[in-house]
Amino acid sequence: MTRILAIDGAATAGLCFGPTGGEPRFATRCFTGSGASGEVVGRFTRFLRATIEREQVEVVCYESPYFPLGFRKGPPANAKTLRRLLGLAEIIDAVAWEYRLRCYQATAGEVCSYLTGKSNWGGREKKKAATIAAARRWGWAVSDDNQADACACWAYAESILDPIAAAQRRASLGMELALHPPNECAPRAEIAGRRGSSNHKPQGIRAHASRQQYSLSQ
C-alpha cells in the first residue's frame, strides 16, 4: 500500500488521503482570509507541511492548474487567479521535494475521464455535477466538487501506482471483472507529470481510512 495525498489546489482546495487498496478520506479546506494571494499561499504551505507530517504521506499528486484557452469554453483568464494557481502548484512541488516525496500531476481531463468515463461534459457546471455524482457512485459521500475532484485525482493515482488494487476496487463496484486476488503484489508505475525524489520513505502507523468526509485540521 502507498499513502497518497491528492490535492485539487485552489484558495478553496479539495483534499483526499488514503492508502492504495483502502478507502480514502476527503475534505474541503478554505485558505482565504483577507483574500491576499500571499496569505492564501502561506496558509496552504503551512497546512501542507503539517498534513504530510501528521499523515505520513508517501506520494503527493495534484490536478494541473487550469488554463483557459481561446477555443475552450470556461471562466475567462484572470491574472490574479492564474498566478495563485501556478503558485500553489509550485508550492506542492517544492514541499514534496523538501520532504523527499514522490510528486505527480495529471490534467483535469485525465482524472475526470478516469472517474466519470469521459473528460468532456459540455461545460464546467455539468462537469462538476458529473464528477460529484461519479464520486458518490464510487462510495464516497463528497459534499462538493472540490472533494470530488480530489477523490478523482486520488483514484487516478491509485490506478497507476497500484493497478491491481484499483482493478479490485472497480470490480467491487461492478465496473470490471476481478482478474487478480486482492493481496497480490502489484508493480508501481508513474502517473502523468513531473516526478520528485523517491529516496524518502516515511515510516509510521497508517492513517485509518473511512468512506466518510473528515476534517483536515492542524
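Where is the place of Gln56? Keep that in mind as you start the tour of this predicted model.

**Stop 1: two unusual loop residues**

Select Gln56 and look at what lies on either side. You are in the loop between helix 1 (37-55) and strand 4. Now check the backbone: Gln56 has a positive phi of about 55°, although it is not a glycine. Here is why that deserves a look: most residues other than glycine have a negative phi. As for its surroundings, Gln56 is partly exposed, with a relative accessible area of 21%.

Next, select Arg100, which sits in the loop between helix 2 and strand 5. Its phi is also positive, near 60°, and Arg100 is not a glycine either. With 32% relative accessibility, Arg100 counts as partly exposed.

**Stop 2: the sheet**

Switch to a cartoon view and find the open sheet of 5 strands. Walking across the sheet, you meet the strands in the order 3-2-1-4-5, and their pairing is mixed. Which strands stand at the edges? They are strand 3 (25-30) and strand 5 (102-106); each has a single partner strand, so one side of each has no neighbour in the sheet. If you look along the sheet, you can follow its twist: neighbouring strands are turned by 20° against each other on average, direction ignored.

Zoom in on strand 1 (residues 3-8) and strand 2 (residues 12-19). These two pair in the antiparallel sense over 6 bridges. To see one facing couple, select Ile7 and look across to Leu15 in strand 2, which stands opposite.

Now add helix 2 (residues 79-98) to your selection. Helix 2 packs on the sheet, where it touches strand 1, strand 4 (59-63) and strand 5. Compare directions too: that of helix 2 makes about 170° with that of strand 4.

**Stop 3: Tyr104 and a distant partner**

Stay with strand 5 and pick Tyr104, which lies in this strand. Is Tyr104 buried or exposed? Tyr104 is buried, with a relative accessible area of 2%. Then select Cys61 as well. Tyr104 and Cys61 are 43 residues apart in sequence, yet their C-alpha atoms are 4.7 Å apart in space.

**Stop 4: the cysteines**

Show the cysteine sulfur atoms. How many disulfides does a search of the whole structure find? The count is 0. A disulfide is a covalent bond between the sulfur atoms of two cysteines, and a pair counts here when the two sulfurs are within 2.5 Å.

Try Cys16 as a test case: its closest cysteine sulfur is in Cys151, at 3.9 Å, which is too far for a bond. Cys153 is in no disulfide either, and the nearest cysteine sulfur, that of Cys61, is 3.7 Å away. Turn on a surface to see how these residues are placed: Cys16 is buried, with a relative accessible area of 0%, and Cys153 is buried at 1%.

**Stop 5: helix 4**

For the last stop, select residues 124-137, which make up helix 4. This helix has 14 residues and reaches 20 Å from its first C-alpha to its last, close to the 20 Å expected at 1.5 Å a residue. Colour Lys127, Ala130, Thr131, Ile132, Ala134 and Ala135, which are buried. What do the buried residues of helix 4 pack against? Their partners are helix 3 (108-116) and helix 5 (145-161). Finally, move just past the end of helix 4 to Gly139, which takes a positive phi of about 100°.

Technical notes:
Residues are numbered from 1 along each chain as its sequence is written. This is a predicted model: local features need pLDDT of at least 70, side-chain atom pairs count only at pLDDT 80 or more; totals for chains, interfaces and linings use all residues. Side-chain values use heavy atoms; hydrogens and water are left out. Buried means under 20% relative accessible area, exposed over 50%, partly exposed in between (1.4 Å probe, protein chains only). Helices (H or I, at least four residues) and strands (E, at least two) are DSSP runs, numbered from the N terminus. The expected span of a helix is 1.5 Å times one less than its number of residues. Contact means heavy atoms within 4.5 Å. Two strands pair if DSSP finds at least two bridges between them. Axes are lines fitted to C-alpha atoms, for helices over the stretch in contact, and angles run from 0 to 180 degrees between N-to-C directions.
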